[in-house]
Structure formats: C-alpha cells, structure tokens
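Work through these exercises with the model open beside you. Try each task before you read its solution.

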Amino acid sequence: MKEKQYDVVALGELLIDFTENGISSQGNPIYEANPGGAPCNVLAMLNKLGHKTAFVGKVGVDIFGTRLKGILDQVGIDTRGLVMDPDHRTTLAFVETLPGGDRDFSFYRNPGADMMLTAEELQEEMFGQCRIFHFGTLSMTHDRVREATKRAIALAEESGSLISFDPNLRPPLWSSLEEAKKQVDYGLRHCQILKISDNEIQWFTGKEDFDEGIQVLKENYQIPLILLSMGKEGSRAYYQDLRVEKAPYLQKNTIETTGAGDTFGGSCLHFVLKYGLEGLDQEKLEQMLSFANAAASIITTRKGALRVMPEEKEVKELMENS
C-alpha cells in the first residue's frame, strides 16, 4: 500500500454508551457514561496497535460532545474531521445486558448530532490520505448523513483506499428493516473488507447456516475478505477459496460484550495493514482470527471499550497462556 497520512479513517457515530454498573441503595440501576460508537472503537484498537487514525463525524457542543472530543484526543485519534454542532445534542445510548449476554439498546437520537453531518462539512482531502476507509450503517439511517457517507466512500475509492464495512445493525434506528437492507446492500457493493456478525448474516440473507449465508454474499458481491464474528462460537474468515475458523477465548469474568465486535474488527484491520489484502494466506488468517478473538475477549471483561482497549502485549499473553 502507498504511504499515506493515515492508516485508517473512519466515519460515523461518536456517542455516550450508558452501561449498567450496579444498583443504588434505593434499588435503582446505576449507569456509567462510557465513550462509544462503533467506528471510534475500531480506531481506538488500531491506535493501541500503533496505527495512525482519524475520525470523521459530529457531536454536540454540550458536556458529552466536549468530553468525547477530549477523549479522542487523549487516545490519539485525529479529530480534525470531528464537527462540533451548536444546535443538536450528542447522541446517547442506554445499554441493557439481558440474561444470556445479549444487549438491548435505547437510543436518544431524534435527532442526534451524528445524524446532522453533511457532505459539505467533510474535509475531503482526508479520504485521499488513508490506506483504509471504514464505515458502518448508523451513518446511513438518515438522508443528510447518508449523503456524507456516500461522498466519503466515493472520495476514498477515487484515491485507491481499501473500503472496510461493518453493518452494525441497530433495528430501533431504522424507519424499516427494508430500508436497512437497502443501505447494507450499498455498503456490500462498495467494500473489500466486510466484518459481519452471526445474527446480521442470518437477517440479511435469510439463511440460518452461516456458510450458506456467506455463499449468498459471495454470489452477489465481490468482497475479497469476509470476517464473521460468532460470539461465544468464535470467528471465521472467508478469503478467496479459504475458509478459516478459530475458537474463542472465553473469560470467566466477562462483564458485557459492548465493543467486542469492534475490537475484533480493528484487530483484523491491523493484519490487513500489516500484510496487505493480497498478502493473506491460511497461516496469516489463523493468526489474525486468534489475535482478534483474544483481544475481543479481553474487552468483555471491562466497562466500555474506547478508552480501555487492550495492549498488544496483553493480547499475546492471553494467547500464550490459554
């Protein structure tokens, strides 16, 4: 890959995840305000692995937006593409962990500042200065930010950047799941790296069997690298004619799974940056998945994700001791 200013630029949501953290003396749930947003979580993991990253998005000029910008600066994510909106509030999400480990999200985003990013507010040169451009679908739920996302994709494509896509489906944020499928389809048509979860592949393709679902994607889209996260079942990579699967690293002291998929995705992008999309083989894919599974398992033992991504040394120690 050509030498560029950034390894990865990501566009999307930057928000506060209010996650449960105990019960008050009156029996009320206590929520902790953790910095979040899938694209920034991915960047935070990449930063921990020594990569240069930048975020593009919008937050409010309020206590949460100001705090979020400060945190990105603190962890080393370039914020020149972050717009501060004086007219709209920073998006908030309340995350409830259900019995069995699944999560339920309640979003306060009607509208939220992240939805209000416009194509005119993009610093266009950033998208020509990244080796990988990464995005999800939360920046495609509404017309204005969707237009900005598609413009960013076009600029990145023009410059020869690789495009990385994570659908990150959040049904409550869509007017309909048919509209969500339409925008996921757009993302699939423009990416070379896809990170998709088990429930998302079943939803999008209608296939219960994951391999059958991946085959549907292969028949309809030309995506060189597909990464499938399967939670407690581990992960798979589909690359050319290879199918590689690695078991998870299960933790006894798992707290919650928020950010685990983003940690996994960021770790996989680390290997693409290291070897190039053309330089992957069975051995490298196995290394990629093992490392990504281990990193994701560590994040499940911590509250939040963005500020507490594991160091490379921690991940390797877990792999060696398991």
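Four exercises on a predicted model follow.

**Exercise 1.** In which sense do strands β4 and β5 pair, and over how many bridges?

Solution. Start by locating the strands: β4 spans residues 53-60, and β5 spans residues 78-85. Their pairing is parallel and runs over six bridges. Now pick out one bridge: A54 has D78 of β5 as its partner.

**Exercise 2.** Which helix does the chain pass through from β4 to β5, and what is the handedness of the crossover?

Solution. Leave β4 and follow the chain into helix α2, residues 63-75. From α2 the chain goes on to β5. This makes a β-α-β crossover, and the crossover is right-handed.

**Exercise 3.** Is the peptide bond from N110 to P111 cis or trans?

Solution. Check omega: its value is near -5°. The bond is cis. Then place the proline: P111 sits in the loop between β7 (103-108) and β8 (130-136).

**Exercise 4.** N168 has a positive phi, and so does Q240. Is N168 buried or exposed, and is Q240 buried or exposed?

Solution. Take N168 to begin with. Its phi is about 45°, although N168 is not a glycine. It lies in the loop between β9 (162-166) and α4 (177-190). Its relative accessibility is 10%. Buried means under 20%, so N168 counts as buried.

Turn to Q240. Its phi is near 55°, again positive in a residue other than glycine. Q240 belongs to the loop between β12 (235-239) and β13 (242-246). Its relative accessible area is 55%. Exposed means over 50%, so Q240 is exposed.

Definitions and conventions
Residues numbered from 1 in each chain as written. Predicted model: local features only at pLDDT ≥ 70, side-chain atom pairs only at ≥ 80, totals over all residues. Heavy atoms only, no water. Pairing = 2+ DSSP bridges. Helix = DSSP H or I, 4+ residues; strand = E, 2+ residues; numbered from the N terminus. Right-handed = clockwise from strand over helix to strand, strands pointing away. Buried < 20%, exposed > 50% of the residue type's maximum accessible area, 1.4 Å probe, protein only.
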